[in-house]
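Trainee: I should like to request a close look at a single part of this structure, namely the surroundings of the ligand. Please treat the matter in one connected account.

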Amino acid sequence: MTTGSRKREVPTVPGRLPLVGHTPAMLRQRLAFTAKLRSHGDVVRVWLGPLPVYFATTPELAHQVLSGQTGTFAKGLLVDKLRRAFGNGLVSTDGEFHRRQRRMIQPALQRPALERHAEVMSASAADLVDSWRPGQVLRFDRAMQDFTIGVVGRTLFSTDFDARVSAEIRRHTPTVIRLGVVRALAPGWLAAPVNRRFDDAVARVHRVVDDVVAGRRADRDDLLSTLVSARDEHGLPMNARQVRDEVVTLLVAGSETTGVALSWLFHELAENPDVADRLHDEVDEVVGRRPATPADVPDLPYTRRVISEVLRKYTLWIMMRRASADVTLGDVDLPAGTDVAFSPHALHHDPLSHAAPDRFDPDRWLPERAALVPRGAYVPFAGGLHHCPGHLYAQYEITIAAATIAARWRLVPVPGLPVRPKVIGLMYPNRLPMTVIPRSRLSR
Ligand code: HEM
């Protein structure tokens with residue numbers, strides 16, 4: 001166990017209990033717990049049961065953890081516990097192996113491949129808005145998660161994303177994601193009840209992905225074919241197991257993240273009619289009533305500011321790393337092996353970096369105002385070597401889906417059912433029932 005030698009004494013956050021440390025308080029209060037950490041110091045110690053974790057609470061130090069001293073911080077505790085699902089996929093590896101994989105995978109998520117994926121996004125969004133009926137009440141959060149898993153499934157597998165594959169992936173991937181985070185944060189004895197369900201869901205996803213990979217005969221114009229045909233600098237391909245791990249990583253990393261963002265986006269439009277009116281005006285002018293296409297994305301700057309603001313307000317609760325060498329964080333020396341964390345949510349809601357942080361204000365992302373945000377204070381896609389390689393994919397997907405939906409429908413909350421965030425790693429809405437009303441029936 002590491003307790004850390006240091007130039008100065010690191011404050012332990014008040015409220016540590018014997019054996020369980022801060023874990024119960026942290027799991028009970030979640031966002032409020034991490035929001036208070038900066039008031040105790042720039043680097044503070046939190047005990048997850050018997051394990052000390054050093055939280056960086058300022059933007060500058062979070063930036064240092066993500067990217068400052070390249071190679072000093074590696075993936076840590078959270079990922080260790082998720083390795084059963086991701087295997088050696090991008091999200092759970094480090095060093096030379098990670099660099100090799102990243103070089104092979106990144107181009108598959110960027111231009112020009114992205115243009116092809118964006119056509120899938122546009123067609124899927126068109127199918128979605130055509131399937132709704134006026135006055136229909138949706139669990140909008142579930143509809144968005146189903147939509148985004150369908151998009152990543154189709155961009156990965158094209159026609160192999162048939163009814164069976166789609167049903168298995170839609171059913172079991174969300175379980176892997178949600179139970180995985182609970183399992184990662186809770187001590188072993190608390191996590192035991194979820195382990196079997198998690199393992200079962202992981203096995204089902206692995207099986208269906210293995211079947212598709214093994215059955216892949218001819219080259220297709222999809223992400224899976226790109227992974228299968230990718231070669232490293234020695235001309236070597238990934239083996240089938242590695243392809244499986246990367247596919248599972250993409251399914252997990254690329255579905256609920258975008259689904260949750262779309263859910264909150266329409267929640268915020270309903271809460272902020274002035275924002276909704278401006279977004280509708282922009283969409284009406286650029287897109288009209290047709291499905292949005294990749295070519296529209298650059299012409300929708302207000303919609304993109306709304307998305308930036310959604311990703312500020314609703315972001316990851318905690319990210320963790322482990323020092324892979326002795327390191328100085330601020331004025332604290334930490335030995336190799338120390339677990340370090342920070343809260344993107346706390347950074348995104350810190351009034352020292354973001355004025356009136358509880359206000360939903362897309363114009364804070366106008367270029368002249370965005371330039372004033374300190375480095376490390378806005379990290380929805382992390383940074384450094386593990387910076388989200390799907391960030392452009394995500395921005396296209398959310399913009400195309402939001403504009404296609406907003407062109408045709410207004411989502412109206414069902415009264416009397418308050419919506420609040422439920423934090424399980426990601427911030428989910430506890431529920432989001434909404435009624436779909438055709439825009440043509442409204443004055444705007
Ligand atoms: C709004 C949507 C998204 C958000 C907020 C998001 C956020 C993030 C963050 C914060 C990380 C870093 C995690 C860490 O280092 O601990 C990450 C990594 C990753 N994301 Fe995303 N992501 C999104 C969408 C996507 C999409 C659509 C894909 C793929 C289709 C994707 C693929 C990945 C992969 C493969 C990694 C691991 C990268 C590495 O470790 O080198 N993400 N994402």
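**The ligand shell and its setting**

Mentor: Cysteine 388 is found in the loop between helix 16 (367–370) and helix 17. The model in which this position is described is a predicted one. UniProt, in an unreviewed entry, lists Cys388 under "binding site". Cysteine 388 has 18 other C-beta atoms within 10 Å, and a residue counts as buried only with 20 or more, so cysteine 388 is classed as partly exposed. Its contacts, apart from neighbours within four places in sequence, are with Phe381 and Ala382.

Cys388 also belongs to the group of residues that come nearest to the ligand, together with Ala253, Gly254, Thr257 and Gly390. The shell around the ligand comprises 24 residues. By character, 17 of the shell residues are nonpolar, six are polar and one is charged. Four helices each contribute at least two residues to this shell: helix 5 (95–109), helix 11 (240–253), helix 12 (256–271) and helix 17 (391–408).

Helix 17 merits separate attention. Of its 18 residues, 15 are buried, so that this helix is mostly covered. Its end C-alpha atoms are 26 Å apart, which agrees with the span of 26 Å that should result for 18 residues at 1.5 Å a residue.

A further residue to consider is aspartate 141, which is placed in helix 7 (residues 140–157). Aspartate 141 counts as buried because it has 23 C-beta neighbours inside 10 Å. Not counting residues up to four places away in sequence, aspartate 141 touches Ser263, Tyr428, Pro429, Arg431 and Leu432. Between aspartate 141 and valine 297 there are 23 Å in space, C-alpha to C-alpha, and the two are 156 residues apart in sequence.

The wider setting is given by the division of the chain into domain 1 (1–87 + 316–378) and domain 2 (93–272 + 283–313 + 379–444). The contact between them takes 32 residues from domain 1 and 31 residues from domain 2. On the side of domain 1 that touches domain 2, helix 3 (59–68), strand 3 (73–75), helix 4 (77–86) and helix 15 (344–348) each supply at least two residues. Helix 4 provides the largest share of that side, six residues. The residues of this side of domain 1 divide into 17 nonpolar, eight polar and seven charged. The C-alpha centres of the two domains lie 26 Å apart.

Methods: Residues numbered from 1 in each chain as written. Predicted model: local features only at pLDDT ≥ 70, side-chain atom pairs only at ≥ 80, totals over all residues. Near = placed C-beta within 6 Å. Nonpolar A, V, L, I, M, F, W, Y, C, P; charged D, E, K, R; others polar. Domains from an automatic or database assignment. Contact = placed C-beta atoms within 7 Å. Expected span 1.5 Å × (residues − 1). Buried ≥ 20, exposed ≤ 12 C-beta atoms within 10 Å, placed from the backbone. UniProt positions renumbered as here; feature names shortened; annotations may be inferred.
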